[in-house]
Amino acid sequence: MPIDLAPDPAVADLAERTAAFVREAVVPVEVAHDGVVPSEDVRADLQAAARRAGVFAPHVSPEFGGHGLDMTGRAAVFEEAGYSLLGPLALNIAAPDEGNMHLLEAVATTGQKQRYLAPLAAGDIRSCFAMTEPAPGAGSDPDALTTRAVRVAEGWRIDGRKWFITGADGAGFAICMARTAGEPGERGSATMFLVDADNPGMHVGRHIPTLDESLYGGHLEMEFAGCVVPDEAVLGEVDLGYRYAQVRLGPARMTHCMRWLGIARRSQDIAVARAAGRQVFGSRLADLGMAQQMIADNEIDIAASRGLILQACWELDQGRSGSQSVSIAKTFTAEAVWRVVDRSLQLCGSLGVSGDILLARFLREVRPFRIYDGPSETHRWSISRRVVGRHTAATPAATAPVPA
């Protein structure tokens, strides 16, 4: 069966225009601010420029002003946007808003889409996804969820603490995951709730100091204390929050990979330019064997990551769960991107360590990706468990080979 990895012509055109926009309009802003957006005005200016360039919101359906790309189409465009740390924010495809838009399109009611999705897709507001909790609450293990929602006369009362909630500073609303059945440590059931920023029961706390700084709105603590929301605030159906989390999580993991792959390419381009122009020991750095190996290994990691991302995206576009492919792609890409940026910095020597180019910033930004969206260790555990499970299901106990 023939395999065509080339994107659709319309997608290819959008990817090319995105690449040009990022290089011409976004990278200068990124360099001027060391990869960190300093104000809401800068965010608004970048997004206005993306609208003028016709590259804004590529993932959202045309009904809400976007291009309606499927996951495979997003792979090409998001990688080009990710060539700059600020590219995803400019296109309105940065985390957590991009994942929340995907979830709202899939699950929200018509009224919820008009109230939350429409302004979010337009860039008029931002959002956050309040799932992670301080220990011993939910992190990599969702069954540890401690935040609880109970029925009251006005609808639901939510109580609990959240931790490391990306984008919470200035978010117009939160999607809060709360337990609605069972006890912490049990699977039980959870429900998602849409909570407006002006709800007196939702409190946004301190910014958590972190290695990375480029995700707009920071990583914050939050508290839900007697937070009452109406029945209309339930996103999807009651007790199905874990199922809806999977609707968001697999695609969000892949879009993270796409964006960071762009930074890997940017790092490689910086390193290759340096190696091609730097004279050491009587020749170009690029002509030395050890430098050539690092450049080649970078290309291998970039190409392999792209292939794994496309495989997982194709499965998601086919309506499959894609769980195994997503875990494989996320684990490999998170580690490969780190390797690429690290090698690129090494090739640039003292210049790479300095603040005169952005490689040191890139290194700080990509390191947490081996933890965000599930640590590599958790994904490896899941990958292995699925493999062993398939083997066990396919091999009757009576005929299973006995180790020598």
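Let us begin with Gly-35 and its contacts. Setting aside residues up to four places away in sequence, Gly-35 touches Glu-30, Leu-85, Leu-86, Ser-214 and Leu-358. Please keep in mind throughout that this is a predicted model. Gly-35 sits in the loop that runs between α1, residues 9-32, and α2, residues 40-53. Is Gly-35 buried or exposed? Its relative accessible area is 0%, and buried means under 20%, so Gly-35 is buried. Gly-35 may also be placed relative to Asn-199: the two are 164 residues apart in sequence, and their C-alpha atoms lie 32 Å apart in space.

Two of the contacts of Gly-35, Leu-85 and Ser-214, lead us to the cavities. How many cavities of 30 Å³ or more does a search of the whole structure find? The search finds 3. The largest cavity holds about 230 Å³ of space. It is lined by 18 residues, and those nearest its centre are Leu-85, Pro-88, Ser-214, Leu-215 and Trp-260. The elements giving two or more residues to this lining are α4, residues 87-91, and α7. Of these, α7 provides the largest share, with 4 residues. By class, the lining of the largest cavity comprises 11 nonpolar, 4 polar and 3 charged residues.

The second largest cavity contains about 40 Å³ of space. Its lining is made up of Arg-43, Gln-47, Pro-88, Leu-89, Asn-92, Ile-93, Ala-94, Asp-97 and Arg-126. At least two of these residues come from α2, and at least two from α4. The lining of the second largest cavity divides into 4 nonpolar, 2 polar and 3 charged residues.

From cavities I turn to the largest pocket. Its volume is about 1500 Å³. In total 49 residues line the largest pocket, and Gly-139, Leu-249, Arg-253, Asp-373 and Gly-374 lie nearest its centre. The elements that contribute two or more residues to this lining are α5 (97-107), β3 (155-166), α7, α9 and α11 (376-394). Which element gives the most? It is α7, with 12 residues. In the lining of the largest pocket, 21 residues are nonpolar, 17 polar and 11 charged.

One of those elements, α11, contains Ser-376. With a relative accessibility of 2%, Ser-376 counts as buried. Apart from neighbours within four places in sequence, Ser-376 is in contact with Thr-331, Glu-335 and Arg-370.

Another of those elements, β3, takes us to the strands. Strand β2, residues 148-152, is joined to β3 by 5 bridges, and the two run antiparallel. They form a hairpin with 2 residues between them. Within this pair, Val-152 stands opposite Gly-155 in β3. β3 also pairs with strand β7, residues 219-229, in the antiparallel sense, over 8 bridges. Here Ile-158 stands opposite Cys-227 in β7.

Ile-158 appears again among the contacts of Cys-176, a residue of strand β4. Cys-176 has a relative accessibility of 0% and therefore counts as buried. Not counting residues up to four places away in sequence, Cys-176 touches Ala-130, Thr-147, Ile-158, Lys-162, Thr-191, Met-192, Phe-193, Val-195 and Phe-224. Between Cys-176 and Arg-243 there are 14 Å in space, C-alpha to C-alpha, and the two are 67 residues apart in sequence.

I close with two helices. The first is α6, residues 110-121, whose buried residues are Gln-112, Tyr-116, Leu-117, Pro-119, Leu-120 and Ala-121. The elements covering them include α5, β1 (127-130), β4 (173-181), β5 (189-196) and β8 (234-235). After α6 comes Gly-123, with a positive phi near 80°.

The second is α8, residues 289-317. What span should its 29 residues have? At 1.5 Å a residue they should span 42 Å, and the C-alpha atoms at its ends are 42 Å apart, which agrees. The buried residues of α8 include Ala-291, Ile-295, Asn-298, Ile-302, Ser-305 and Ile-309. Several of these positions are three or four places apart. An α-helix has 3.6 residues a turn, so residues with that spacing, three or four places, point the same way. Among the elements covering the buried residues of α8 are α3 (71-81), α7 (241-277) and α9 (323-353). Just after α8, Gly-319 takes a positive phi of about 85°.

Technical notes:
Residues numbered from 1 in each chain as written. Predicted model: local features only at pLDDT ≥ 70, side-chain atom pairs only at ≥ 80, totals over all residues. Heavy atoms only, no water. Expected span 1.5 Å × (residues − 1). Buried < 20%, exposed > 50% of the residue type's maximum accessible area, 1.4 Å probe, protein only. Contact = heavy atoms within 4.5 Å. 1 Å grid on protein atoms, 1.4 Å probe; cavity = no way out; pocket = protein on both sides within 12 Å on 5 of 7 lines; lining within 4 Å. Points joined across faces, edges and corners; volume = space filled by probe spheres on them. Nonpolar A, V, L, I, M, F, W, Y, C, P; charged D, E, K, R; others polar. Pairing = 2+ DSSP bridges.
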